[in-house]
Amino acid sequence: MTAKSGKSTRAAEAAPPAGAIPARSARAAETRRRRLVAAAFLLPALVLLGALVVHPIGYSLYRSFFDRSGDTFVGGGNYGEILHDDTIRTALKNTALWVVLAPTTATALGLIFAVLTERVRWGTAFKLLVFMPMAISMLAAGIIFRLVYDHDPDRGIANAVWVGVHDTFAESSAFPKARPGRDSPLAPAAGADTGGFTTRDPVRAGVPVLLPLVGVAPEDLPGGTRTARAAPAEPGKVTGTVWQDFTRGGGGRTNAVDPAESGLAGIRVEAVKDGRVVDSATARADGTFTLSAKADGALLRLPASNFREAYAGVEWLGPTLVTPAVIGAYVWMWAGFAMVLIGAGLAAVPRELLEAARVDGANEWQVFRRVTVPLLAPLLVVVLVTLVINVMKIFDLVFVIAPGSVQDDANVLALQLYRTSFGTDADPGLGSAIAVLLLVLVLPVMLYNIRRLRKEGAR
């Protein structure tokens, strides 16, 4: 009797209370209801994700194993062509160059701008100016920089600045097209001064010399130019005239100074004996010049520096510089993005740490390098990774800025994907293989970003 009563007591203790089962069932039902509601809200997004992302990725992978027509299975043939096609290999090299240069440059500039603008009164205005390009579309930015990099200094601001700096230190000639005319007393110079001209015969003191040139447009003559005049004879000196031997509207005499012709002011004239320059002079506004008695018996030379082509600047959009030029346009746009994010992180840095470093004797560079940058390191990684993902997909900026003649030199994977997949010579199979390759290259960066975000969320 006692044993039975003990078992009954334990059974009664183990049994759940009368209201426990309905309560547990109610909680389970509530959980299921919440999950269904969450699924109902997520369903439209999942459908769109599947239709716009998953299905295209799957179809691109499938299509990459077929030929141009899509009827013949070629296996990995399209992927093999990627490795052997010179244009696609150039796109791979340029994409690698973009990944290395563009994000690091934009992030570094953003860090510098964020740190410096904290110390100036007009920092907010400067941030606004630097961030403003983010409001411009890639297409508009491409059009802007296509003009900025124009080779003509009168149109492209980059070459206008470059030519201005160059001409400050090495002024270009005003007569790049000047040359001797018919039956001229001048002949092309030989030896080291190729490009210049010398007299055919030695000159004599007291006998004026005529040095006629043609090929200078009237509108290209230097300011202050006057009507040419024949130089008077001076005893013991060599005199002469350098002028434009051309009369507007016709007429005039060859190798003679006519009243309607202009002097070539500023041309340098050298007297050369035995290969050495013994005297020199510069033509006046009316083209006349005077040399000392040292020039007697010498050949007169118009050195090549008189006819040097005007400096036209740098060919920014040529095969050599087109990729760095386009990267510069990208940095102009995205440095503001990096600056704003880094500036927000910088505002959260404890000022006590910076002040403590200064009290310990650190200078500003040491504070920046050993305190500020390590504290901002996680944020710098975020910015860098974001820009790397963005750069891997760069297309429109390269397409708009690079002229058609150098697009092969500026090519990147996203642009090559477009050029291969569309147009009269389209190859959807090869284009799909390039798309898959681009996805494979982007995936590691995306996965790294996701893992890093999860780690930060778990802290």
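Me: In this predicted model, which residue is the bridge partner of Val238 in β7?

Reply: Val238 belongs to strand β4, which covers residues 238-244. Four bridges tie β4 to β7, and the two run antiparallel. Within β7, the residue bridged to Val238 is Leu291.

Me: OK, and what is the strand order in the open sheet of three strands?

Reply: Start from the edges: β3 (209-213) and β7 (288-291) each pair on one side only. The twist from one strand to the next averages 20 degrees. The pairing is mixed, and the order reads β3-β4-β7.

Me: Let's move to the cores. Which helix gives the largest share of the largest nonpolar core?

Reply: That core has 51 residues, and Trp98, Tyr149, Tyr330 and Leu397 touch the most other members. Several helices supply at least two residues each, including α4 (86-117), α8 (322-347) and α10 (364-392). The largest share is 15 residues, and it comes from α8.

Me: How many residues are in the other core, the one with Val238 among them?

Reply: This one lies apart from the largest core. Besides Val238, its members include Ala178, Phe197 and Val216. The count is 25 residues.

Me: How far apart are the end C-alpha atoms of residues 371-392?

Reply: UniProt, in an unreviewed entry, lists 371-392 as one of the spans with the feature "transmembrane region". Another listed span is 430-450, which is 100% helix with its end C-alpha atoms 30 Å apart. Residues 371-392 are also 100% helix, with 0% strand. Their end C-alpha atoms are separated by 32 Å.

Definitions and conventions. Residues are numbered from 1 along each chain as its sequence is written. This is a predicted model: local features need pLDDT of at least 70, side-chain atom pairs count only at pLDDT 80 or more; totals for chains, interfaces and linings use all residues. Side-chain values use heavy atoms; hydrogens and water are left out. UniProt positions are given in the numbering used here, feature names are shortened, and annotations may be inferred rather than shown by experiment. Two strands pair if DSSP finds at least two bridges between them. Axes are lines fitted to C-alpha atoms, for helices over the stretch in contact, and angles run from 0 to 180 degrees between N-to-C directions. A nonpolar core is a set of buried Ala, Val, Leu, Ile, Met, Phe, Trp, Tyr and Cys residues joined through side-chain atoms within 4.5 Å. Buried means under 20% relative accessible area, exposed over 50%, partly exposed in between (1.4 Å probe, protein chains only).
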